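Student: Could you take a close look at one part of this protein with me? I would like to hear how its charged side chains pair up, and then how that part sits in the whole.

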Amino acid sequence: MSGKINTGFSVKQAKWLEYGIIGLCAFALFCIFQPFSQFLFSAGCIGVVVGGLVFNLMPFCVAGESPRKLIKVGGIVLFVFAIAVALALASAWGYGLYLKTQ
């Protein structure tokens with residue numbers, strides 16, 4: 001024995017995490033395609049974006065993977081998303097300035 005404590009996900013925890021991510025994505029799609037409620041449609045649109053970002057964590061939902069690594073990868077995904085949003089907002093602001101000058 002090396003004395004090292006296994007702090008990774010168990011097989012059951014990894015499967016539940018996978019099923020949770022897939023369930024979130026499926027529920028978001030259901031909310032988008034239901035014809036009854038505008039609120040559910042709006043929540044589904046947000047859910048699709050969140051589900052798409054969280055789906056990047058699927059390769060790390062395996063037995064033996066540490067939760068710390070999953071959190072680290074989630075942070076990287078959020079950082080890249082924040083940069084993309086900042087670039088989109090800066091682009092829209094610049095386009096607004098361009099239209100003002102016309």
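Tutor: Let's start with Glu 65, which forms a salt bridge with Lys 69, the closest N and O atoms being 3.6 Å apart. A salt bridge here is a side-chain nitrogen of Lys or Arg within 4 Å of a carboxyl oxygen of Asp or Glu. Please keep in mind that this is a predicted model, where local features need pLDDT of at least 70 and side-chain atom pairs count only at pLDDT 80 or more, while totals for chains, interfaces and linings use all residues. Residues are numbered from 1 along each chain as its sequence is written, and side-chain values use heavy atoms, with hydrogens and water left out.

Where is Glu 65 placed? Glu 65 sits in the loop between helix H2 (38-54) and H3; helices (H or I, at least four residues) and strands (E, at least two) are DSSP runs, numbered from the N terminus. Glu 65 counts as buried because its relative accessibility is 17%. For these labels, buried means under 20% relative accessible area, exposed over 50%, and partly exposed in between (1.4 Å probe, protein chains only). Its partner Lys 69 counts as partly exposed, because its relative accessibility is 38%.

Which residues does Glu 65 touch, not counting those up to four places away in sequence? They are Gly 8, Phe 9 and Phe 60, with contact meaning heavy atoms within 4.5 Å.

Phe 9 deserves a look of its own. This residue lies in the segment before helix H1 (11-33), and Phe 9 is buried, with a relative accessible area of 13%. Leaving aside neighbours within four places in sequence, Phe 9 is in contact with Ala 14, Leu 17, Phe 60, Val 62, Ala 63, Gly 64, Glu 65, Ser 66, Pro 67 and Leu 70. One of these, Ala 63, is 54 residues from Phe 9 in sequence, yet the two C-alpha atoms are 5.0 Å apart in space.

How many salt bridges does the structure hold? There are 2. Besides the pair already described, the side chains of Glu 18 and Lys 15 meet in a salt bridge at 3.9 Å, N to O. Both Glu 18 and Lys 15 belong to helix H1, where they are 3 residues apart, about one turn of the helix. Lys 15 counts as partly exposed, because its relative accessibility is 40%.

Now to the cysteines. A search of the whole structure finds 0 disulfides, a disulfide being a pair of cysteine sulfur atoms within 2.5 Å. Why is Cys 45 not bonded to Cys 31? The sulfur of Cys 31 is the closest cysteine sulfur to that of Cys 45, but the distance is 9.6 Å, too far for a bond. Cys 61 is in no disulfide either, and the nearest cysteine sulfur, in Cys 25, is 11 Å away. As for their surroundings, Cys 45 counts as partly exposed at 32% relative accessibility, whereas Cys 61 counts as buried at 2%.

Next comes helix H3 (residues 67-101), where Ile 76 is placed. Ile 76 counts as partly exposed at 47% relative accessibility. Together with Phe 79, Val 80, Ile 83 and Leu 87, Ile 76 makes a nonpolar surface patch of about 510 Å². Patches are made of residues with over 30% relative accessible area and no salt bridge: like charges are joined within 9 Å, and nonpolar side chains (Val, Leu, Ile, Met, Phe, Trp, Tyr) within 5 Å. Accessible areas come from the Shrake-Rupley method with a 1.4 Å probe, and for residues only the protein chains shown count as cover. Leu 78 also lies in helix H3 and is exposed, with a relative accessible area of 53%. From Leu 78 to Gly 94 there are 16 residues in sequence and 24 Å in space, C-alpha to C-alpha.

Finally, the whole protein. It has 3 helices and 0 strands, in the pattern α-α-α along the sequence. The protein is more spread out than a compact globule, because its radius of gyration is 19 Å, well over the 13 Å that the globule rule gives for 102 residues. That radius is taken over C-alpha atoms, and the globule rule is 2.2 Å times the number of residues to the power 0.38. Along the principal axes, the C-alpha atoms fill a box of roughly 75 × 35 × 15 Å. Buried residues make up 20% of the 102 residues.
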